[in-house]
Amino acid sequence: MLIRLPSDIPASEITPPEIYRDRRRFMQGSIALLGGAALMPAGKSIAGAKLAGVRASAYRLDEEKTPYKDVTTYNNFYEFGTGKDDPAANAHTLRTRPWTVAVEGEVRKARTWDIDALMKLAPLEERVYRMRCVEGWSMVIPWVGFPLAELIRRAEPTGNAKFVEFLTLADPKQMPGVRSRVLDWPYTEGLRMDEAMHPLTLLAVGLYGEVLPNQNGAPIRLVVPWKYGFKSAKSIVKIRFVEKQPVTAWMAAAPSEYGFYSNVNPQVDHPRWSQARERRIGEFFKRDTLMFNGYGAQVAHLYRGMDLQKYF
Ligand code: MTE
């Protein structure tokens, strides 16, 4: 934009990516949703390892998926640099175990989750979502995760919880980009409570049936398919329930360009470019951008009566 496994998933259920990819060649595109068998060497990164027990879901699209290579090499993750290929080149320094996610604020059941327990909170499912970046490109990505609502229900928000704030890791030792002042670290995002509870809103831990690569926001990230990609906070360490609308990292960086709502809206241009069309990664011609990124039937009611020019 700018201006830009888990220890309690037994090791025996995780297949190293190189073995898995070999095997996948024989499976001709169909993602194996069954558990693997090979043992994970201790200390080896689990990014790209096959996830076991992933359910298929009703969230599919009749559109071609963006190739794995593009999904994992064309990224925005400023903690690792502002170039599209920087995260893939640099994010190997991110340590995703041990990892905890603190759930706090206006909740009855505040708790710090170990990532491996969090990954078992609800059944993992595959959901193919359209993603649209505010920069004007889009992808179709088969995420693996579970609805954020599952975690919210367990936290038992109080009546004061009106918004959810997401805070992400900002460790200059692991993340070279944090030494630059391109954003006010840590990267933060926020959702209104009803947006956070919406069944489309996902906490993703994988893609293409595999553990999330570091550059895509390992070990856990937000995915909100009707909003611009920047809502999808990566490498989350804290989820805070609050009464007042939080200021997000992009609002703080450029308030006239990035609002809290960030709904994909072809009728509201970015101050410096049109949002009417987009380029699907891998395609030559641009296509029209759809209101709410094509998820209007599911989410338009959340914004009924709101002036979306004002609440952009
Ligand atoms: N999360 C963090 N922590 N840091 C970032 O720089 N970039 C955002 C979002 N989440 C970002 C982030 C932006 S601008 C986009 S478009 C998406 O991540 C990109 O996600 P992807 O690289 O997996 O496609």
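Colleague: I have started at Pro219, which sits in the loop between strand S8 (210–211) and strand S9 (221–223); what kind of peptide bond joins Ala218 and Pro219?

Modeller: Before I answer, please note that this is a predicted model, in which local features need pLDDT of at least 70 and side-chain atom pairs count only at pLDDT 80 or more, while totals for chains, interfaces and linings use all residues. Residues are numbered from 1 along each chain as its sequence is written, and side-chain values use heavy atoms, with hydrogens and water left out. As a general idea, most peptide bonds are trans. The bond between Ala218 and Pro219 is cis, with omega about 0°, and the bond from Arg97 to Pro98 is also cis, with omega near -10°. Pro98 belongs to the loop between helix H3 (86–90) and strand S1 (100–105).

Colleague: How many helices and strands does the chain have?

Modeller: Helices (H or I, at least four residues) and strands (E, at least two) are DSSP runs, numbered from the N terminus. In this chain they come to 8 helices and 12 strands.

Colleague: What is the sign of phi at Tyr208 and at Phe292?

Modeller: Most residues other than glycine have a negative phi. Tyr208, although not a glycine, has a positive phi of about 50°, and it lies in the loop between strand S7 (202–207) and S8. Phe292 likewise has a positive phi of about 50°, and its place is the loop between strand S12 (287–288) and helix H8 (296–299).

Colleague: Is Phe292 buried or exposed?

Modeller: A residue is called buried under 20% relative accessible area, exposed over 50%, and partly exposed in between (1.4 Å probe, protein chains only). Phe292 has a relative accessible area of 5% and is therefore buried, and Tyr208, at 12%, is buried as well. Over the whole chain of 312 residues, buried residues make up 55%.

Colleague: Which residues have the most contacts inside the largest nonpolar core?

Modeller: A nonpolar core is a set of buried Ala, Val, Leu, Ile, Met, Phe, Trp, Tyr and Cys residues joined through side-chain atoms within 4.5 Å. The largest one here has 85 residues, and those with the most contacts inside it are Trp143 and Phe241. Strand S4 (residues 137–147) gives the most to this core, with 6 residues. If we count as contact any heavy atoms within 4.5 Å, and leave aside neighbours within four places in sequence, the partners of Trp143 include Glu125, Glu126, Arg127 and Leu212.

Colleague: Which residues is Ser57 in contact with, leaving aside its neighbours within four places in sequence?

Modeller: Ser57 is in contact with Glu125, Glu126 and Arg127. Ser57 stands in the loop between helix H1 (17–27) and helix H2 (68–73), and because its relative accessibility is 13%, it counts as buried. The C-alpha atoms of Ser57 and Val144 are separated by 10.0 Å, although these residues are 87 residues apart along the chain.

Colleague: What lines the second largest cavity?

Modeller: On a 1 Å grid over the protein atoms alone, a cavity is a set of points where a 1.4 Å probe fits but cannot get out, and lining residues have an atom within 4 Å of a point. Among the residues lining the second largest cavity are Arg97, Leu212, Ala218 and Pro219, so this returns us to the proline where you began.

How values were computed: On a 1 Å grid over the protein atoms alone, a cavity is a set of points where a 1.4 Å probe fits but cannot get out, and a pocket is an open set with protein on both sides within 12 Å along at least five of seven lines; lining residues have an atom within 4 Å of a point.
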